[in-house]
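Biologist: Could you put the structure up and let me quiz you about the words you use for it? I'd like to hear what stands behind each label.

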Amino acid sequence: FSASQVTPHGISTLTYLSFSFHNNQTLSRHVTTWSPVGAAFNAQQRKVDLFQKNVGLFGVPGLSTPAGFEVAQQRALRETEQLVETACNNPPGALTVETFDQLSDSLCKVADLADFVKVGHPDPAFRDAAEKACINIGTVVERLNTNVELCRSLKNLLDNKEVLDSLDPDTRRVAELFMFDFEISGIHLDESKVRKAVSLNVNLLDLNNEFLNGTHLPNRIEKTALPEHIRHCFSIDGNSIQIGGLHADSPDELVREAAYKIFLFPNSSLLLCLDDLLTCRNELAKLVGYESFAHRALNGTMAKTPETVMKFLELLTDKLSDRTAKDFNLMRDMKMKMNSRSTVLMPWDHSYFSSAVRAERYNIDPSLYSPYFSLGACMEGLNMLFSQLLGVSFQNEQPMAGEVWSEEVRKLVREQSLSAVVHETEGLLGYIYCDFFRRPDKPHQDCHFTIQGGRLKKDGEYQHPVVVLMLSLPPPTRSTPTLLNPGMMENLFHEMGHAMHSMLGRTRYQHVTGTRCSTDFAEVPSILMEFFATDYRVVNQFARHYQTGQPLPKSMVSRLCESKRICGAADTQLQVFYAALDQVYHGKPQNRSTTDILKKMQEKFYGLPYVPNTAWQLRFSHLIGYGAKYYSYLMSRAIASMVWRQCFQKDPFNRDMGERYRREMLAHGGSKEPMLMVEGKDTHYFSWPLPSSLSLGFLHYFSPISSFPRSPLLYV
């Protein structure tokens, strides 16, 4: 059972009392005490007082019902009209940029919130209202991006050297970023082509939604089509079997094969949707003056061009080729040893046999680790790490009635630790809503959503960032807290890396706050957190058995870290294949079907055979949020590895390094060119040996490990 322990400072700990009988029938008692943060996540949430006034989702008045989205839209549109008039009528100067940022903030407060609600809210009425809001606000944004008068007000500023020279670097960069948005939307085109660009963008909003929704839909097959002895492994609905995933970890080869072939069976309407989506993107890119959509998407990233990305992927493939071949041989040998029906290694075998090889060599059984990784313990670990490294601490806050969409959501207040003198004046940093537990109709994906960006307001107060972290963990029970396997624990650290970026990106303008930066840089802070999650010095701070309080043995952590190198090259090569496929889809038109392109890329960049009558690309949801940018995971991993080795490997709790990492990288969000931070230009500390052409000198630091992306989406 569990009980709250009262201290002189109030209810501050949660104590789990566990009793068990040994062979001699003596009763033993184990006590594990959690801090307030750990207690908040290891206990069932206290129910909200139903008699409280409904404050609306995220405390936004009016969002107590789905109809509130229409009210929020109308309010944002009225503010938009006023701000557009202000921007167009005022003389060029810093006020112009501030007005643009207010305009962006007003629309984003509705669009970003709606972007989460449309996938995360359990009520279909809220989801539908949010999706309509996303489309409506998106349409407004596309029209603003082709508003000639609005663009002229910004151009007058950028063309006035005297005014431009008077701006601080952040203001100047934000002005240039807003102008870039105008340019890629076709502001320079004649009126008929501008109308065409707006029409293409609006059409893309619909195609994006249609494809994204389709990637998650299960496939059905007649029950009689499957052998009777494996039917129970899937969801049975009358005479049909519904398959909504790959079942890649099933020990039954026939289950894996059936799931792969059925779940990936081509859907003709979704194939057509993908064709239309890629055609529309290419047409828009060509219309506004780019060779391809990939050229348009990569303008402003660290990679800059598709040619650089493909060079990166090809060099990485060459670097990994020998180790990848060795990994596949290990998997084949394991398949033969386990008396499989076939000795040919197939795509549905990769995940299962790579795990089997690791388990055999290092005795990695997730069930042995989970008792040490209760959710509360992991949250304590993050709290301690951030406190020591950055002077940041968490506080759990009880949500108000109507503030959250599920009673299982936890709300964290993030504050600056008063024990850290250099930060003690900063106080509140922002809010993190933790939607960690599984529920019906909730997407099975781990995501970070920006709900509200940070910015400096006119009155001198700072608008605190608000984010949601969404995971798919089993909920706690009355007697047992949520227990994480090592992969889940790493994922939690990864997503908290995004949250840290959002909280500590103290930019003047919300347009560049936190994760609103180049996509191939946005993953660096989150992937860096994975290195902390697998360092014994860090894990030893929090990994305790939830019943006995015993620490996780160092040998188990060592085996876990060593095991990640086994088959890591093959796992990495699979991601290279995905990234290459993404690039080719968004490059110059191939005049071939998306399936034919997939076959060729799989042969060149993967190594395992294509399976006839499958269309994996129809499950590639990253084509929406990461179109032409899926390579970002790989490039960010190389850079994060470099940061870890040069800054934190020696001492993961080094406060000086933590403060400098915050000051030189996290604090800037997207207000500084990412390559300037990576190369050390205009900074006083980080100086890594990267050539400015990004000719991949940092591949020296790339260590292939089996840790790709379980955390697929970053919503910014």
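Modeller: What follows is a run through burial, helix packing and strand pairing, and keep in mind that this is a predicted model.

Biologist: Let's start with T80. What makes T80 count as buried?

Modeller: Its relative accessibility is 5%, and the cut-off for buried is under 20%, so T80 counts as buried. The residue is found in helix α2. Leaving aside residues up to four places away in sequence, T80 touches L103, L107 and L144.

Biologist: While we're on α2, why is α2 called oblique to α5?

Modeller: The axes of α2 (residues 68–89) and α5 (residues 148–159) cross at roughly 45°. Angles under 35 degrees would be roughly parallel, and 65 to 115 roughly perpendicular. The crossing falls in neither range, and that makes α2 oblique to α5. Their axes come within 8 Å, and the crossing is left-handed.

Biologist: Which residues make that contact?

Modeller: V84, A87 and C88 on the α2 side, with E149, L150 and S153 on the α5 side.

Biologist: You use the oblique label for α18 and α24 too. How do you know that α18 and α24 are oblique to each other?

Modeller: Again we set the angle against the ranges. Helix α18 (residues 524–533) packs on helix α24 (residues 632–648) at about 55°. Roughly parallel needs an angle under 35 degrees and roughly perpendicular starts at 65, so α18 and α24 are oblique. The axes are 8 Å apart, and α18 passes α24 in a right-handed crossing.

Biologist: And which residues of α18 and α24 make the contact?

Modeller: From α18 you have V524, I527, L528, E530, F531 and F532. The α24 residues include Y633, I639, W644 and F648.

Biologist: What makes you say α18 is largely enclosed by the rest of the structure?

Modeller: Ten of its ten residues are buried, so α18 is largely enclosed. Among them are P525, S526 and E530. The buried residues of α18 pack against α15 (375–390), α16 (486–504), α17 (519–522), α19 (536–539), α24 and α25 (655–664).

Biologist: F648 turned up in that α24 contact. What else does F648 touch?

Modeller: Not counting residues up to four places away in sequence, its contacts include L389, L528, F532, R537 and Y661. F648 also belongs to the largest nonpolar core, which has 159 residues. Along with F373, M379, I432, F436 and M496, it touches the most other members. Helix α21 (residues 568–585) gives this core its largest share, eleven residues. Apart from it lies another core, of 30 residues, among them A72, F100, V140 and L144.

Biologist: Now the strands. How do you know that β9 is mostly covered?

Modeller: Eight of the ten residues in β9 (residues 428–437) are buried.

Biologist: In which sense do β9 and β13 pair?

Modeller: Parallel, over six bridges, with β13 spanning residues 466–473. One example is Y431, whose bridge partner in β13 is V466.

Biologist: Then there's the three-stranded sheet. Why do you say that β4 and β5 stand at the edges?

Modeller: The order is β4-β6-β5, and the sheet is open. β4 (219–222) and β5 (235–237) each have a single partner strand, so one side of each is left without a neighbour in the sheet. From one strand to the next, the twist averages 35°.

Biologist: What makes β4 and β6 count as paired?

Modeller: Pairing takes at least two bridges, and β4 and β6 (residues 240–243) have four, in the antiparallel sense. In that pair, N219 stands opposite I243 and E222 stands opposite S240.

Biologist: How many bridges join β5 to β6?

Modeller: Three, and these strands run antiparallel. S240 is again involved, as the bridge partner of D237. The hairpin of β5 and β6 has two residues between the strands, and G238 there takes a positive phi near 65°.

Biologist: Last one: which helix lies across β4 and β6?

Modeller: That's α9 (residues 253–263), running at about 85° to β6. Since 65 to 115 degrees counts as roughly perpendicular, an angle of about 85° falls within that range.

Notes:
Residues are numbered from 1 along each chain as its sequence is written. This is a predicted model: local features need pLDDT of at least 70, side-chain atom pairs count only at pLDDT 80 or more; totals for chains, interfaces and linings use all residues. Side-chain values use heavy atoms; hydrogens and water are left out. A nonpolar core is a set of buried Ala, Val, Leu, Ile, Met, Phe, Trp, Tyr and Cys residues joined through side-chain atoms within 4.5 Å. Buried means under 20% relative accessible area, exposed over 50%, partly exposed in between (1.4 Å probe, protein chains only). Contact means heavy atoms within 4.5 Å. Axes are lines fitted to C-alpha atoms, for helices over the stretch in contact, and angles run from 0 to 180 degrees between N-to-C directions. Angles under 35 degrees count as roughly parallel, over 145 as roughly antiparallel, 65 to 115 as roughly perpendicular and the rest as oblique. A crossing is left-handed if the near helix is turned anticlockwise from the far one by less than a right angle, and right-handed if clockwise.
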